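Me: Hey, got a minute to go through a structure with me? I'll paste it here.

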Amino acid sequence: MSAPTSPAELYRHSLRLLLDKDIPAWVALWAEDGLMEFPFAPDGWPRRLDGKEAIAAYMRPYPDHIDLHDFPDLRIHRTTEPETIVVEMRGVGRMVETDAPFDMTYIAVVTVRDGRFTSYRDYWNPLAVQQSGTDFTGSNR
């Protein structure tokens, strides 16, 4: 990225990369010391990923488990901090293993500095992972 990207532009770009299943390019949007948090993660799932490498390891198998088709209902809200946005959206698609529909509602608080994600708090619905075929983190047994 040649010019600094607004948080909203960077976020929209990141969603296109996820739909394209280009996880390496998605990870490249992160600062080396980026922090991804999942405050609602159930037991056995990661609550915090410290650094770009941990985020990459977590996201690498994502397309093998969830085939995302769209992010409808995307709403990006500015905050009083120009580098931070609040995002409301749905991710829809299918579970690769079971072919079951995937439909998850998300709220995220995202901070961008120098055109890279530095903080991403993902408030996803932990009830959705109780379905068969949703454990792609390698942390559940």
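Me: Let's begin with F71: is it buried or exposed?
Reply: Buried, with a relative accessible area of 10%. That counts as buried because the cut-off is under 20%. Keep in mind that this is a predicted model.

Me: Where does F71 lie?
Reply: In the loop between β3 (66-70) and β4 (75-78).

Me: And which residues does F71 touch?
Reply: Leaving out residues up to four places away in sequence, F71 touches L15, L18, L19, M89, R90 and G91. Take L18: it is 53 residues from F71 along the chain, and the two C-alpha atoms are separated by 9.9 Å.

Me: L18 is in α1, right? Which residues of α1 are buried?
Reply: P7, A8, L10, Y11, S14, L15, L17 and L18. Helix α1 covers residues 7-19 and reaches 19 Å from its first C-alpha to its last, close to the 18 Å expected. Just after α1, K21 takes a positive phi of about 60 degrees.

Me: Switching to α3. What's buried there?
Reply: K52, I55, A56, Y58 and M59. They cover an arc of only 165 degrees around the axis, so they sit on the same side of α3.

Me: What covers them?
Reply: The cover includes α1, α2 (23-27), β1, β2 (48-50) and α4 (62-65).

Me: New topic: how many aromatic pairs are there?
Reply: Nine. One of them is W26 with W30, whose ring centres are 5.8 Å apart and whose planes are at 55 degrees, so the pair is tilted. W26 is buried at 3% relative accessibility, and W30 is buried at 1%.
Reply: Another tilted pair is F38 and Y58, at 5.2 Å centre to centre with 40 degrees between the planes. That pair links distant parts of the chain, since F38 is in the loop between β1 and β2 while Y58 is in helix α3, 20 residues apart.

Me: Which residues form the aromatic cluster?
Reply: Y11, W26, W30, F117 and Y120 form one cluster.

Me: What are the bridge partners of W30 and V110 in β7?
Reply: W30 has F117 as its bridge partner, and V110 has Y120.

Me: Then how does β7 pair with β1 and β6, parallel or antiparallel?
Reply: β1 (residues 30-37) and β7 (residues 116-124) pair in the parallel sense over four bridges. β6 (residues 101-113) and β7 run antiparallel, joined by eight bridges. The hairpin of β6 and β7 has two residues between the strands, and D114 there takes a positive phi near 50 degrees.

Notes: Residues numbered from 1 in each chain as written. Predicted model: local features only at pLDDT ≥ 70, side-chain atom pairs only at ≥ 80, totals over all residues. Heavy atoms only, no water. Pairing = 2+ DSSP bridges. Expected span 1.5 Å × (residues − 1). Buried < 20%, exposed > 50% of the residue type's maximum accessible area, 1.4 Å probe, protein only. Arc of directions from axis to C-beta. Contact = heavy atoms within 4.5 Å. Phe/Tyr/Trp six-rings, centres within 6.5 Å; stacked < 30°, edge-to-face > 60°.
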